[in-house]
Amino acid sequence: MRVVEIIERKRDGAKLSKDEIDSIVLGFTRCDVPDGQMAAFLMAVVWRGMDDEETALLTDAMVRSGERLDLSRFGRVVDKHSTGGIGDKVTLVVAPLVAACGAPVAKMSGRGLGITGGTLDKLESFAGYRVDLSTAEFLAQLGRIGIVVTGQTAELAPADGLMYALRDQTGTVPSIPLIASSIMSKKIAAGARAVVLDVKVGAGAFMRTPARARELARLMVAIGKAHGLEVTAELTSMDAPLGRAVGNALEAAEAIETLRGEGPRDLREVALAAGAEMLVYGRRARTREKARAMLESAIADGRGLAKLRQLVEAQGGDATQVDDPTRLPRARDVEELRAERTAYVARLDAAAVGLASVRLGAGREKKGEPIDHATGVVLRATVGDRVAKGEVYAEVHRDGRPGDADAIELVRRAFAWRRARVARPRLILGRVTSR
Ligand code: URA
């Protein structure tokens with residue numbers, strides 16, 4: 001079968017067969033299909049879409065492009081994945097909490113892309129933290145301490161790594177079948193029995209509307225179920241950043257604060273909701289209410305924080321930074337933004353804050369660029385908060401880059417103000433589950 005004919009068929013809106021999908025995906029992984037043809041195929045999918053059956057076949061081909069781990073000897077291993085947002089440090093809170101409550105957590109995370117942050121970059125704020133564990137190290141650590149958070153190994157769903165890099169360069173990321181197959185191929189290959197997906201919705205997310213987010217969630221749950229996984233997708237708001245910190249070390253410090261019981265309400269809420277699902281899937285609790293109480297007690301008695309410390313230490317990181325987050329990287333200078341008049345925060349544009357953090361060096365303009373772990377933004381006020389004239393509503397942590405002034409302006413403009421009281425937005429917008 002000639003690859004160009006497959007591309008033409010998708011371009012013209014045809015439904016592709018298993019053989020056609022296998023031949024383009026597996027051919028691309030073997031380097032038999034060049035980037036140009038794969039890019040054209042991806043663009044055809046963006047425009048023409050894929051139905052559920054084609055998306056399942058695409059996911060399956062991506063899983064078969066590499067190895068599939070079998071974690072069954074570790075019990076009911078659970079995983080979580082976020083579709084990506086601004087200030088989303090939920091994994092740093094929920095993974096240790098769930099592991100501390102007895103459910104093994106094995107997670108392969110990603111780096112920040114575009115304006116969205118990545119868990120690996122946040123974890124690398126701990127000096128020495130390794131995100132390149134081999135499969136043998138991954139399995140050994142999971143057996144030893146019941147938690148592992150590392151980068152994806154080259155052997156797992158390699159088609160996704162290659163396709164994602166090309167999508168990033170060719171404007172072909174925002175497509176529901178491509179996002180669903182990308183995420184689910186990694187989750188299936190990584191071997192957990194159950195996955196909790198956090199599908200972000202809003203101005204700072206790939207999915208701008210609840211309807212599109214629900215469609216993505218439904219598709220991912222269906223794909224997981226067809227591969228024998230239990231899956232729940234929670235739709236959570238990403239109009240404003242999650243929590244108060246945006247930027248790697250700032251977010252690591254906020255995760256520690258949350259594990260100490262002192263973090264922001266919205267972060268705690270999203271973490272507890274995901275964690276409760278994970279504990280039910282891990283068969284550690286019968287109901288989400290009981291699971292939530294277990295997680296709350298692991299915060300109150302410090303077991304969650306101790307588990308984070310153990311994770312950081314096991315992966316070569318400096319655990320004293322968990323004990324004392326002031327030892328995490330710090331920016332040279334903090335610019336404080338003060339309110340010109342007393343008002344309520346009516347809107348806080350997550351995308352603008354995400355872009356500001358990229359300008360400050362906390363994210364990448366291009367894949368593979370080094371980042372600055374110290375810089376970022378702290379939002380001292382969020383939607384619904386009242387700020388008095390002269391009070392600080394945001395801090396910009398900067399290290400003296402050309403983009404700093406731009407970043408400060410972006411943060412200033414990210415806030416919309418109103419004199420009248422503003423209601424706090426809803427955080428959890430819906431659930432789609434395989435149960
Ligand atoms: N996250 C992924 O892993 N893949 C996508 O396509 C989008 C977000």
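These legends accompany close-up views of a predicted model.

**View 1. Three domains divide the protein chain.**
Domain 1 covers residues 3–49. Domain 2 runs over 72–325. Domain 3 takes in 330–418. Between the centres of domain 1 and domain 2, taken over C-alpha atoms, lie 31 Å.

**View 2. Domain 1 and domain 2 meet at an interface that buries about 990 Å².**
Here 11 residues of domain 1 contact 12 residues of domain 2. Carbon and sulfur atoms give 88% of the buried area. On the domain 1 side, look for Phe28, Leu42 and Val46. These residues lose the most area to domain 2. Together they make up 46% of what the domain 1 side buries.

**View 3. No salt bridge links domain 1 and domain 2.**
The count of salt bridges between these two domains is zero. Residue pairs in polar contact across the interface also number zero, with both residues required to be at pLDDT 80 or more. Which elements give two or more residues to the side of domain 1 that touches domain 2? They are helix H2 (18–29) and helix H3 (35–48). H3 gives the most, with seven residues. By class, this side of domain 1 has eight nonpolar residues, two polar residues and one charged residue.

**View 4. Nine residues surround the ligand.**
Among them are His81, Thr83, Tyr164 and Arg167. Ile179, Ser182 and Ile183 also belong to the surroundings of the ligand. Lys186 and Phe206 complete the list.

**View 5. Arg167, Ser182 and Lys186 each place a polar side-chain atom by the ligand.**
For Arg167, the polar side-chain atom lies 2.9 Å from an oxygen atom of the ligand. Lys186 also faces a ligand oxygen atom, at 2.5 Å. What kind of ligand atom lies 2.7 Å from a polar side-chain atom of Ser182? It is a nitrogen atom.

**View 6. Asp60 and Arg64 form a salt bridge.**
Their side chains meet at 3.5 Å, N to O. Both residues sit in helix H4 (residues 52–64). Why are Asp60 and Arg64 separated by about one helical turn? Because they are four residues apart in that helix. The structure as a whole holds 45 salt bridges.

Note on methods
Residues numbered from 1 in each chain as written. Predicted model: local features only at pLDDT ≥ 70, side-chain atom pairs only at ≥ 80, totals over all residues. Heavy atoms only, no water. Domains from an automatic or database assignment. Contact = heavy atoms within 4.5 Å. Buried area = accessible area lost by both parts, 1.4 Å probe. Salt bridge = Lys/Arg side-chain N within 4 Å of Asp/Glu carboxyl O. Polar contact = N/O pair within 3.5 Å; in protein donor to acceptor, adjacent residues only side chain to side chain. Nonpolar A, V, L, I, M, F, W, Y, C, P; charged D, E, K, R; others polar. Near = heavy atom within 4 Å.
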